[in-house]
Amino acid sequence: NAFPCHILDLKDANGKRPLDYLLANWTDTAASLLRMTIQIWMIDPMTRWGATSWVEDMTSRVEEIFDEGDKERSVTLCNRAYRTFEEYQKLEVTSILEMALWKMKLKCGRSDDGSKRQAMDRGECQCLCGSDIVIPNVAMFLGIPTSVDSASSQ
């Protein structure tokens, strides 16, 4: 863990990630290093998020990479796992944003000394926190399709 995991996502002058070089030079040692790297880079963060079903999905995708005998197919599976991880990251970011908006709305219902100004239950705060406005605009910058985008493309 000497380097932050986001370094693994950076591309060099040739447009390749460190992961791409491991996949291109597939050996038992590279496979072992790749397995450890994917565990630290993709699976461990999702475990910290508490997203059990996502962890199970990613773990099965990773096992598929190493169970595959064909190198080209392994590269394809690895890239699919990476894209899936990116989608999970985007969902996690929007979830955290929604919780922050919700928490801010809860705090707005209290005065500076901590006493309640108005009675707002959690459901009201969730509906009135503004996430329905903020999140679609943030999602646009993250490349996440919104329901409006999905409806217009059909």
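## A first look

Is aspartate 57 buried or partly exposed? Aspartate 57 has a relative accessible area of 21%. Buried means under 20%, so aspartate 57 counts as partly exposed. This is a predicted model, and aspartate 57 returns below with its salt-bridge partner.

## Overall build

The protein has seven helices and zero strands. Read from the N terminus, the elements run α-α-α-α-α-α-α. The protein has 154 residues, and buried residues make up 28% of them.

How do the contacts spread along the sequence? Take the contacts between residues at least 6 apart in sequence. Of these, 53% join residues at least 24 apart.

## The nonpolar core

In soluble globular proteins, nonpolar side chains tend to be buried together. Here the largest nonpolar core holds 24 residues. Leu34, Ile38, Met42, Met46, Met58 and Ile65 touch the most other members. Four helices each supply at least two residues of this core: H1 (18-24), H2 (28-49), H3 (52-67) and H4 (71-108). H2 gives the most, with eight residues.

Look at methionine 46, one of those well-connected members. Leave out residues up to four places away in sequence, and methionine 46 touches Ala51, Trp54, Val55, Met58, Phe85 and Tyr88.

## Aromatic rings

The model contains six aromatic pairs. One of them joins tryptophan 41 and tyrosine 82. The ring centres are 5.4 Å apart, with 35° between the planes, and the pair is tilted. Tryptophan 41 lies in helix H2 and tyrosine 82 in helix H4, so the pair ties together parts that are 41 residues apart in sequence. Both partners are on the buried side of the cut-off: tryptophan 41 counts as buried at 5% relative accessibility, and tyrosine 82 counts as buried at 10%.

These two rings belong to one aromatic cluster, formed by Trp41, Trp49, Trp54, Tyr82, Phe85 and Tyr88. Phe85, Tyr88 and Trp54 have already appeared as residues that methionine 46 touches.

## Charges over rings

Which ring lies under the charged end of arginine 17? The ring belongs to tyrosine 82, and the charged end sits 4.5 Å from its centre. Arginine 17 also forms a salt bridge with aspartate 20, where the closest N and O atoms are 2.9 Å apart. At 6% relative accessibility, arginine 17 counts as buried.

Lysine 16 offers another example. Its charged end sits over the ring of tyrosine 21, 5.8 Å from the ring centre.

## Salt bridges

A search of the whole structure finds five salt bridges. The bridge from arginine 17 to aspartate 20 is one of the salt bridges. Another links glutamate 63 and arginine 35, with the closest N and O atoms 3.0 Å apart. Glutamate 63 lies in helix H3 and arginine 35 in helix H2, so this pair ties together parts that are 28 residues apart in sequence. Glutamate 63 is partly exposed at 32% relative accessibility, and arginine 35 is partly exposed at 35%.

Now back to aspartate 57. Its side chain meets that of arginine 61 in a salt bridge, at 3.2 Å from N to O. Both residues lie in helix H3. They are four residues apart, about one turn of the helix. Arginine 61 has 27% relative accessibility and counts as partly exposed. Aspartate 57, at 21%, is partly exposed too.

## A buried charge without a bridge

Where is glutamate 92? Its place is in helix H4. Glutamate 92 is buried yet has no salt bridge. The nearest side chain of opposite charge is arginine 48, 9.6 Å away. A salt bridge needs a nitrogen within 4 Å of a carboxyl oxygen, so that separation does not qualify.

What does glutamate 92 touch, not counting residues up to four places away in sequence? The contacts are Trp49 and Trp54. Both tryptophans are members of the aromatic cluster.

## Two cysteines

Cysteine 108 lies in helix H4. At 43% relative accessibility, cysteine 108 counts as partly exposed. Cysteine 129 is 21 residues away from cysteine 108 along the chain. The C-alpha atoms of these two cysteines are separated by 9.9 Å.

Notes:
Residues are numbered from 1 along each chain as its sequence is written. This is a predicted model: local features need pLDDT of at least 70, side-chain atom pairs count only at pLDDT 80 or more; totals for chains, interfaces and linings use all residues. Side-chain values use heavy atoms; hydrogens and water are left out. A nonpolar core is a set of buried Ala, Val, Leu, Ile, Met, Phe, Trp, Tyr and Cys residues joined through side-chain atoms within 4.5 Å. Buried means under 20% relative accessible area, exposed over 50%, partly exposed in between (1.4 Å probe, protein chains only). Contact means heavy atoms within 4.5 Å. Rings of Phe, Tyr and Trp (its six-membered ring) pair if their centres lie within 6.5 Å; planes under 30 degrees apart count as stacked, over 60 as edge-to-face and the rest as tilted. A charge sits over a ring if NZ of Lys or CZ of Arg is within 6 Å of the ring centre and within 35 degrees of the ring normal. Lys and Arg count as positive and Asp and Glu as negative; His and the chain ends are not counted.
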